[in-house]
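Student: Can you walk me through this model? I'd like to start with the overall fold and then look at how the chains meet.
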There are 2 protein chains.
Amino acid sequence: MNKQALEYVDKHADEFKNQLKELLSIPSVSTLAEHQADCERAAEWLAADMRRIGFETVEVIHTKWHPVVFAEWLGAGMNAPTVLVYCHYDVQPADMSDGWHTPPFQPTEQDGKVFARGAIDSKSNVMAQLKAAEAVIKTGSSPVNIKLMFEGDEESASENMTAFVAQYGDRLKCDVAIICDGSMADREQPDIAYGLRGVVTMELEVSGPKQDLHSGHFGGTVHNPIQALAEIISQLHNADGSVNVAGFYDDVLPLDEEERAELAKALPWIESEWVDVAAAPAVWGEPDYNLHERIGARPTLEINGIRGGFAGEGFKTVLPGMALAKISCRLVPNQTSQVIYERLRDAIAAITPRTVKAELRLIEIGEPALIDRHSPAVEAAKDAYAQVWGKHPHFVREGGSIPVVVDLQKALDMQIVLMSFGYKGCAAHGPNEHVYLDMWYKGMAITIQFYEELSQRMKRA
Amino acid sequence: MNKQALEYVDKHADEFKNQLKELLSIPSVSTLAEHQADCERAAEWLAADMRRIGFETVEVIHTKWHPVVFAEWLGAGMNAPTVLVYCHYDVQPADMSDGWHTPPFQPTEQDGKVFARGAIDSKSNVMAQLKAAEAVIKTGSSPVNIKLMFEGDEESASENMTAFVAQYGDRLKCDVAIICDGSMADREQPDIAYGLRGVVTMELEVSGPKQDLHSGHFGGTVHNPIQALAEIISQLHNADGSVNVAGFYDDVLPLDEEERAELAKALPWIESEWVDVAAAPAVWGEPDYNLHERIGARPTLEINGIRGGFAGEGFKTVLPGMALAKISCRLVPNQTSQVIYERLRDAIAAITPRTVKAELRLIEIGEPALIDRHSPAVEAAKDAYAQVWGKHPHFVREGGSIPVVVDLQKALDMQIVLMSFGYKGCAAHGPNEHVYLDMWYKGMAITIQFYEELSQRMKRA
């Protein structure tokens, strides 16, 4: 246990909190051009703090999109392990009219929580990592070398990072990368994610007549493209919820009994989250897999949007010329985006009637990731969480994606640990996003302890 | 043959055309509040012309919506039959940006056509009727009494007319009503419609989770409402194109062999229109009925619009909380809107899975109409068309609706004739709407001849 560093955190707790609020007050919305300067300001704010802390190299690296803030402190020496920390400082848009009770970029503290856009996703993660680094560096007690890489385009699917990781790979070299994003399924029970689904997004267009028609003049003689699209969509799943596309499951890595037992530990928390947040009339999905497995370890085919004809207020008796659906597949190891796209394309071609035309277009791809949960780095994280929380963390497979993980896995030889400190029920991307301060301080303690655990396991000869 | 009246038309041909253009230059768009005054202006313009022609009573009758222009000339005497002429002077919206080559409210003559909004739907019908009346009245040669009723809300589904017909029924009394709207399937071959489909419009909402979800966090455990909606829609038709709703066809009046033979005469023209206008990859629909029968004599279930999730530019991996479809059924005698709504509602309830909720809401109803094509009035019209065109008209069943027909059938005891003079390929409701002037002048001649035929058949004792 690094007593010096933990005491430093205690002593500076209020100062740290004020700094968190300062960062939260910068509206670094990466998806809106009008906030370009705010993203720059957030990057410079972070760089200034890194310099004050004592990082040897601090750079705001300009990219085609928003800057990456990169810092290096190698004071632990050649024999100590090197940790690369990834977080993102950009946030989703936010507007009072979405239902905020307090201005989203005026951080408001109430009942041990701070309300602000970015509070949970992901500025509290950024600041937990930065302040843990400060505590070990300022007290001269760091057992590891530390590199920080904070990006500003995560809310735009990190499209910047593939090129960045490829270009700056040498400088990112490390023994362990901490990917600090996301949140935990429960307020009282920590968990560590080790699986992330990939996602391939597509667009299916069905066209029939050469133009919109009057449904009175032609209804009954033309296969309505909306109906034809519905007929195609309805054939993409079996009645039991499994995907009805030839070869869809071929490359799915099966779960073994040990992993299923591990995943089952977190099941009650995942079920409880489902009841709170999803609350559909009934659970749906592949009957051979429990809720946790369906979300984290099984691929899906989802209709994310649909449009056709006139669907606004009132009524127009149009027989439309086309209809369109947005379709995505969440992927699990060892599926790949391109193969899944091709299988779906072929399946749709096989069931498209000759009365319409159908085209499936590929939009974006993102591959799934699985992390060895028995690696020394993950074992170190597990013990660090257990020490701080007083209980063992659950291992979970996340249903979402963190694109940079795949980029790092491809480019560099390192161990990866996914860390998150906050609670999923904190309204990431929604109004009244917030962070629990007690969980945030625990995040710093976990990081400090993780450095200790890591150095014990990975000290070089 | 009424030589005097026909010569009057010849003599005033240019003047009539200029008057048509004058009326076309008034943007009487009934569905846009900003054109309220223009609708009034069109009504007053018509009333002034009626007074000039010599109608004994002329009234602009204000209603909850736009005015009805009503005129009466009873100079043919008590023993002559009385004709009530229905048309509408309101038009659809039109904007240059929709693809007009000339300003829609600056009528432009080119190659024997006049281009303007309302040219075919329905100001050329209004003016053909009005100028035919002028010709017979001004030459003192009218064998019939004439009442005119021109409405200003047809493009808003004539919602005004049910109340109007009920209130003014006494003044509308007549032996024969001419409903002059619509157009003919061919440029060289006249036709007379005697059937109109009804239409019932509905909205189907499928809801699942209590809010939009992240498809990564919950995909695979929630029955996607878009998918569930597609599954429901896909079950509403059989593979052969017939409607799969219990009892849907129960009340459909079957076609007898004589009527099928009559409808078959117009089939080549309807098929040719299909190829020109619809041009889908293949014809679709009930295999036991030909194209004409499917459009005019068979009911349909159409999906007129659909929406759910995010379907704009780009992609959002949302798992939406709801999805919605606009559904309409075209009805044929003796189906009724309420019964069809209830049968569809029950069919959907029976196939909705317990993983979602579905609600079918009724929006508007309109009943079908069938006119006795062997009545003296329709026989008179048939002979009038044959005389003017030099060929016998085809009898057709229209797939669309003219709501006022049902209102008149319900309220008054009269014979009804549907008349139209223009060509269907003239872009009603679309950009570059136009009318063929030769067909328009033929319309006046038909009306004048129709009065002759009628008086021969219906002269009172």
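Tutor: First a term: two residues are in contact if their C-beta atoms, placed from the backbone, lie within 7 Å. Also, this is a predicted model, where local features need pLDDT of at least 70, side-chain atom pairs count only at pLDDT 80 or more, and totals for chains, interfaces and linings use all residues. Residues are numbered from 1 along each chain as its sequence is written, with chains lettered from A and ligands numbered from 1 in the order in which they are written.

Student: OK, so among contacts in chain A between residues at least 6 apart in sequence, what percentage join residues at least 24 apart?
Tutor: That comes to 79%.

Student: What radius of gyration does chain A have?
Tutor: Chain A has 24 Å, which agrees with the value near 23 Å for a compact globule of 461 residues. The radius is taken over C-alpha atoms, and the globule rule is 2.2 Å times the number of residues to the power 0.38. Along the principal axes, the C-alpha atoms of chain A fill a box of roughly 80 × 50 × 45 Å.

Student: How is chain A divided into domains?
Tutor: Domain 1 covers 3-196 + 369-458, and domain 2 covers 198-252 + 299-364. Those bounds come from an automatic or database domain assignment. Taken over C-alpha atoms, the centres of the two domains of chain A are separated by 39 Å.

Student: And how many helices and strands in chain A?
Tutor: There are 13 helices and 18 strands in chain A. Helices (H or I, at least four residues) and strands (E, at least two) are DSSP runs, numbered from the N terminus.

Student: Let's zoom in. What does β2(A) pair with?
Tutor: Strand β2 (residues 68-73) of chain A pairs antiparallel with strand β1 (residues 57-61) of chain A over 5 bridges. Pairing here needs at least two DSSP bridges between the strands. β1(A) and β2(A) make a hairpin with 6 residues between them, and Ile61(A) has Val68(A) as its bridge partner. β2(A) also pairs antiparallel with strand β6 (residues 145-151) of chain A, again over 5 bridges, where Trp73(A) stands opposite Ile146(A).

Student: How many residues of β2(A) are buried?
Tutor: 5 of its 6 residues are buried. Buried means 20 or more other C-beta atoms within 10 Å of a residue's own, exposed means 12 or fewer, and partly exposed is in between, with C-beta atoms placed from the backbone. For chain A as a whole, 56% of the 461 residues count as buried.

Student: Now the dimer contact. How many residues does each chain give?
Tutor: Chain A and chain B each give 68 residues. On the side of chain B that touches chain A, the largest share, 9 residues, comes from strand β11 (residues 300-309) of chain B. β11(A) and β11(B) run antiparallel, joined by 5 bridges, and Arg307(A) stands opposite Arg307(B).

Student: Why do the copies meet through the same surface?
Tutor: Because 100% of the interface residues of chain B are also interface residues in chain A.

Student: What turn lays chain B on chain A?
Tutor: A turn of 180° with a shift of 0.1 Å along the axis does it, giving an RMSD of 0.1 Å. The two copies are thus related as by a two-fold rotation axis. Superposition is by least squares on the C-alpha atoms of residues with pLDDT of at least 70 in both.

Student: Which residues of chain A does Ile295(B) contact?
Tutor: Its contacts include His217(A), Phe218(A), Gly220(A) and Thr221(A). Ile295(B) lies in helix α9 (residues 291-296) of chain B, and Ile295(B) is buried, with 29 other C-beta atoms within 10 Å.

Methods:
Lists of a residue's contacts leave out its neighbours within four places in sequence.
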